[in-house]
Amino acid sequence: MAGRPITDLGTLKALAHPLRMQLYRGLCVARTATASQLAEQVDEAVSLVSYHLRKLAEHGLVEQAEAQSGDGRERWWQPASNGVSIRDENFRDAPERAAAHLAATRLFHDQRAGMYRRYLDERPTWGPEWNSAAPDNESLLRLTPAELAELAAELLALAKKYDAKGKAAEAAGDTEGRENVALHVYGFPFRV
């Protein structure tokens, strides 16, 4: 969440590849994984996954992790930072950069929407506790850009608080009922 700032076009393009973004997201969730484990998750060949992990590593997005097993042939990977942050203001200075940022943003949104559609399709398997707890809200507000930025910062701080709380509880052995949770927040101006 709001981790390493991505400001260069090469790194943005490296991450804005559909399979690479899936692999990156998978590593952020798993914290560490092998190419074989990730290949199984995304239903792709291990050699292809290894290639894309190396491309992500070339841009400092992932890095080799300490081995998690005794098999010395396995190469373990982890995210190189606690997430990434990609901001519009870093890419609006040239048409090629703005177009690349827009394409990346659309890809990220499409993948997030796909995650949510999958949850909706699988909703009956999650049970009433999860389905009651999962928010689905829309708020139509009248704000200035400064107020929207303030709201975004407060929401991010709140999400970070709950992320730290969950990680601390898990580290203390409280894993009962704990699942991965995606929180997608969009705030944007619109006219009717």
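## Loops, sheet, core and charges

Asp-43 sits in the loop that joins α3 (35–42) to α4 (46–58); helices here are DSSP runs of H or I with at least four residues, strands are runs of E with at least two, and both are numbered from the N terminus. This is a predicted model, in which local features need pLDDT of at least 70 and side-chain atom pairs count only at pLDDT 80 or more, while totals for chains, interfaces and linings use all residues. Residues are numbered from 1 along each chain as its sequence is written, and side-chain values use heavy atoms, with hydrogens and water left out.

Back to that loop: the phi of Asp-43 is near 55°, a positive value in a residue other than glycine. Asp-43 counts as exposed because its relative accessibility is 69%; exposed means over 50% relative accessible area, buried means under 20%, and partly exposed lies in between (1.4 Å probe, protein chains only). Arg-31, in the loop between α2 (18–30) and β2 (33–34), also has a positive phi, near 75°. At 43% relative accessibility, Arg-31 is partly exposed.

Now to helix α4. Its 13 residues should span 18 Å at 1.5 Å a residue, and the end C-alpha atoms are 18 Å apart, so the two agree; the expected span is 1.5 Å times one less than the number of residues. Val-49, Ser-50, His-52, Leu-53 and Leu-56 are the buried residues of α4, and they pack against α1 (9–15), α2, α3, β3 and β4. Just after the helix comes Gly-60, with a positive phi of about 70°.

The open sheet has 3 strands in the order β2-β4-β3, with antiparallel pairing. Because β2 and β3 (62–64) stand at the edges with a single partner strand each, one side of each has no neighbour in the sheet. β3 pairs with β4 (residues 76–79) over 3 bridges, where pairing requires at least two DSSP bridges between the strands. Glu-63 has Gln-78 in β4 as its bridge partner.

Which residues touch the most other members of the largest nonpolar core? They are Leu-23, Val-49 and Leu-53, in a core of 25 residues. Such a core is a set of buried Ala, Val, Leu, Ile, Met, Phe, Trp, Tyr and Cys residues joined through side-chain atoms within 4.5 Å. Its largest share, 5 residues, comes from α2. Beyond four places away in sequence, Leu-23 touches Leu-38, Val-42, Val-49, His-52, Leu-53 and Leu-56, a contact being heavy atoms within 4.5 Å.

Charged side chains come next. The structure holds 10 salt bridges, each a side-chain nitrogen of Lys or Arg within 4 Å of a carboxyl oxygen of Asp or Glu. Three of them are tabulated here.

| Salt bridge | Closest N and O atoms |
|---|---|
| Glu-58 and Lys-55 | 3.6 Å |
| Asp-88 and Arg-92 | 2.8 Å |
| Lys-167 and Asp-163 | 3.2 Å |

Glu-58 and Lys-55 both lie in α4, 3 residues apart, about one turn of the helix. Glu-58 is exposed at 55% relative accessible area, whereas Lys-55 is partly exposed at 23%. Lys-167 and Asp-163 are 4 residues apart in α6 (residues 145–171). Asp-88 and Arg-92 also belong to a salt-bridge network with Arg-87 and Glu-89.

Arg-25, in helix α2, is buried yet has no salt bridge. The nearest side chain of opposite charge, Asp-110, is 11 Å away; Lys and Arg count as positive, Asp and Glu as negative, and His and the chain ends are not counted.
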